Amino acid sequence: MRHVISLLIENESGALSRVSGLFSARGYNIESLTVAPTEDASMSRMTIVTTGSDDIIEQITKQLNKLVEVVKVVDISEAAHIERELMLTKVRATGKDREEMKRMAEIFRARIIDVTDTSYVIELTGNQTKLDAFISAIDPALVLETVRSGVCGVGRGDRILKV
Amino acid sequence: MVLTGAEIVIRCLQEEKVDYVFGYPGGAVLYIYDALFNQDKVRHVLVRHEQAAVHAADGYARSTENVGVALVTSGPGATNAVTGIATAYCDSIPMVIISGQVPTAAIGQDAFQEVDTVGITRPCVKHNFLVKDVRDIAATIKKAFYLARTGRPGPVLVDIPKDVSAHKCEFEYPKEVSMRSYNPVVKGHQGQIRKAVQLLLEAKRPMIYTGGGVVLANAAEQLTKLTRLLGFPITNTLMGLGGYPASDRQYLGMPGMHGTYEANMAMHYSDVLLAVGARFDDRVIGNPDHFAEEPRKIIHVDIDPSSISKRVRVDVPIVGDLKDVLEEMIRQLEANAARPNPDTLGSWWKQVDEWRSRECMKYKNSDEIIKPQFVIQKLWEVTGGDAIVTSDVGQHQMWASQYYRFDKPRRWLNSGGLGTMGVGLPYAMGAQLANPGAQVACVTGEASIQMNIQELSTCKQFRLPIKICNLNNRYLGMVRQWQQLFHGERYSESYMDSLPDFAKLAEAYGHVGLKIERPSDVEGALREAFARKNDLVFLDFQIDQTENVYPMVQGGKGLTEMILSAEDL
Ligand SMILES: Cc1cc2nc3c(=O)[nH]c(=O)nc-3n(C[C@H](O)[C@H](O)[C@H](O)COP(=O)(O)OP(=O)(O)OC[C@H]3O[C@@H](n4cnc5c(N)ncnc54)[C@H](O)[C@@H]3O)c2cc1C
Ligand SMILES: Cc1ncc(C[n+]2csc(CCOP(=O)(O)OP(=O)(O)O)c2C)c(N)n1
Ligand SMILES: [Mg+2]
């Protein structure tokens, strides 16, 4: 099962390697991992997308909690939550493809944020499935490069991760 | 007061009431050694190899209730320490390791004797720190000691660059530590404890299974009280020996791979299992699927939530300091008139005693050749069962755990989790320094002892009257046993040729050496050795080369599928 785990961690050097080292040492999957400081600069927030049986997910949260610098851990995918990911796609845009790409961007509510004679950079945010859908909707031969930020997420409403 | 970083390090150790530091100097820690030189509160024990420094500090901690401290230089000093750190980590031993690092400006430059110590040790410490500013040293060391000894204990490493140890700042030792990210649970959940007590009272085939946590929590007294109050059978893991008196009737011996028949049968067929400070290790429960076949309710008390429901699903988890939880269980039981039904308990004991009557620890003694079990039994007699016994890893370790009966905690020091050959002698050093008057015996094998034999020199320098009992079978015995049983008797590289004359070797280091070849000489030699109160005596027992450790649960087999003796093969 796919889970989205959010955690707050002290913003110390090496904190990221403690988390990534834990996943590799214990053979847990990481689908994506994002990290950046929060409004409180002394703390970073990480979002980890992982897969595993209930037993494994239970161990993952316990092991994360056990890391001395980890302040709080929640599995936000246990209840209503929102996930977003950012993708930048550079596509070849010449001739009739120029119009076609613009149309696709509009359909997906993406934005074209860089334009040259031969290319566009398209910015798209959404959940993973939306980004996947966009990628499969456009002609793969036209994709020059893509970069995805990995998922970040928050619980809905009263579900707040804060110290 | 303005002090250098190095002076601050030593002042912090003084504040923590550290009496011994085990270490080895080098370039990156020269300022710290200089600061050591100028005081006499913290005594330094110069070992002959950094691995032994960490093991000795670990042995010191295991034999006391204190944090062990080791000091090593950067690069090779730190890498030599890694085995020691990992050994302590696997058995949750509270330690602080201070390592020197190259100067801050040189970090990342592939400088002389530079390794990423924090990176290398990360997976085998409870936590580690790189101190980049002299003003952070005191607070970091304070945190290191706090982390090492609270919650689930473990080793904490503090890496200090050379320039940081030379810089100066005002010294003040923090009174307290508060870390928003680290708050181990101490008090167990009342409701869960009540549920547990209820289950225990209603149990038909109850069993208590305890481990190293009881020793670490200094809760042997509480455990004994609870166990007597309930009248249940009890087993202690290899790490928990002495947590409950082994000579007591309720004690069934050790569980697991080389545990007793009665302990394993009672574990397996129990309907309520109370696990306390034990982590359902694979060497203890055998094949987890086989273990899960019998339905039973499991209550698990542990301070580390990640120990709970890791390998075995638990019905009543209780997170907390087990001393606190045991006290609460006792309180609830004493406040309540209900007791386990004597008839049901009686018939369970009848079953348990029937298992016990198999006498699985019986062995065939000999007049011709020394049996290792016999040596340990004699060691127990000669020391009045009151020695601190350390061991290395192998068959001798199992025989020591099976035939020396430990009635008190912190008398049995060995590497259970990592199984590190070479710990025996350094553990004995740490234990002897921590307990100057105590009888300290190191039970070892001819292979293990050679992994840290250089420490005979340290023992001479610090006059440590350890008694080394070398169960010399000229084999990597434990390896040979597996090859005999599971690899078609193909003894690949498990024979030890060209062994030194250990008695002479001991003498060369300035100690007493004895070679014992006949069963009739065993007791006399032990008596002579322990009568020499001020000497280290190396007893080289030439034992039966082909003796195996039984009972045994083969890897992958269930707890009840035991080989009880050679006849079962
Ligand atoms: C050659 C060899 C053979 C072995 N054969 C056997 C065998 O036959 N039988 C056997 O038992 N072992 C055997 N072992 C040892 C085995 O590998 C494990 O090390 C051992 O079983 C683990 O012991 P434990 O479960 O008591 O856990 P420990 O490693 O001692 O862990 C202690 C537990 O207590 C918890 N704890 C610590 N402090 C507290 C506190 N204050 N409050 C609450 N909880 C706390 C910790 O979180 C942890 O979960 C063998 C080892 C070797 C090298
Ligand atoms: C550092 C290390 N290397 C290898 C092993 C694997 N090993 C376990 S027991 C053993 C043999 C130990 O021989 P000895 O010390 O003579 O003890 P015996 O089993 O003969 O009593 C070996 C090689 C280990 N546990 N530790
Ligand atoms: Mg041997």
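**View 1. Spacing of the magnesium donors along chain B.** The donors of the magnesium ion (ligand 3) follow the pattern E-x26-N-x1-Y along the chain; donors here are N, O and S atoms within 2.8 Å of the metal (3.2 Å for Na, K and Ca), and water is not among the atoms, so sites may look incomplete. B:Glu446 sits in the loop between strand E16 (440-444) and helix H19 (456-461) of chain B, and B:Asn473 in the loop between strand E17 (467-472) and helix H20 (477-486) of chain B, so the pair ties together parts that are 27 residues apart in sequence. Helices (H or I, at least four residues) and strands (E, at least two) are DSSP runs, numbered from the N terminus. Please keep in mind that this is a predicted model, in which local features need pLDDT of at least 70 and side-chain atom pairs count only at pLDDT 80 or more, while totals for chains, interfaces and linings use all residues. Residues are numbered from 1 along each chain as its sequence is written, chains are lettered from A and ligands numbered from 1 in the order in which they are written, and side-chain values use heavy atoms, with hydrogens and water left out.

**View 2. The magnesium ion and its donor atoms.** From the protein, B:Glu446 (OE, listed twice), B:Asn473 (OD1) and B:Tyr475 (O) lie 2.1 to 2.6 Å from the magnesium ion (ligand 3). Angles between the 6 donor atoms run from 51 to 176°, which makes the arrangement irregular. That label covers anything other than three cases: four donors are tetrahedral if all angles lie between 85 and 135 degrees, and four are square planar and six octahedral if opposite donors are over 155 degrees apart and all others between 65 and 115.

**View 3. Surroundings of B:Glu446.** With 0% relative accessibility, B:Glu446 counts as buried, meaning under 20% relative accessible area (exposed is over 50%, partly exposed in between; 1.4 Å probe, protein chains only). A polar atom of the B:Glu446 side chain lies 3.1 Å from the backbone nitrogen of B:Asn473; a polar contact is a pair of N or O atoms within 3.5 Å, where within protein one must be able to donate a hydrogen and the other to accept it, and residues adjacent in sequence count only if both atoms are side-chain atoms. Beyond four places in sequence, B:Glu446 touches residues including B:Met496, B:Leu499 and B:Phe502, contact being heavy atoms within 4.5 Å.

**View 4. The parallel sheet of chain B.** Here 6 strands form an open sheet in the order E15-E14-E16-E17-E19-E18, with parallel pairing; two strands pair if DSSP finds at least two bridges between them. E15 and strand E18 (512-516) of chain B stand at the edges, each with a single partner strand, so one side of each has no neighbour in the sheet. Strand E14 (residues 388-391) of chain B joins E16(B) over 4 bridges, and B:Val389 stands opposite B:Ala441 in E16(B). H18(B) packs on the sheet, touching E14, E15, E16 and E17 of chain B, and its direction makes about 170° with that of E16(B). Axes are lines fitted to C-alpha atoms, for helices over the stretch in contact, and angles run from 0 to 180 degrees between N-to-C directions.

**View 5. B:Ser415 in its loop.** B:Ser415 belongs to the loop between strand E15 (412-413) and helix H18 (424-434) of chain B, and is buried at a relative accessible area of 1%. Its side chain reaches the backbone nitrogen of B:Gly419 at 2.9 Å.
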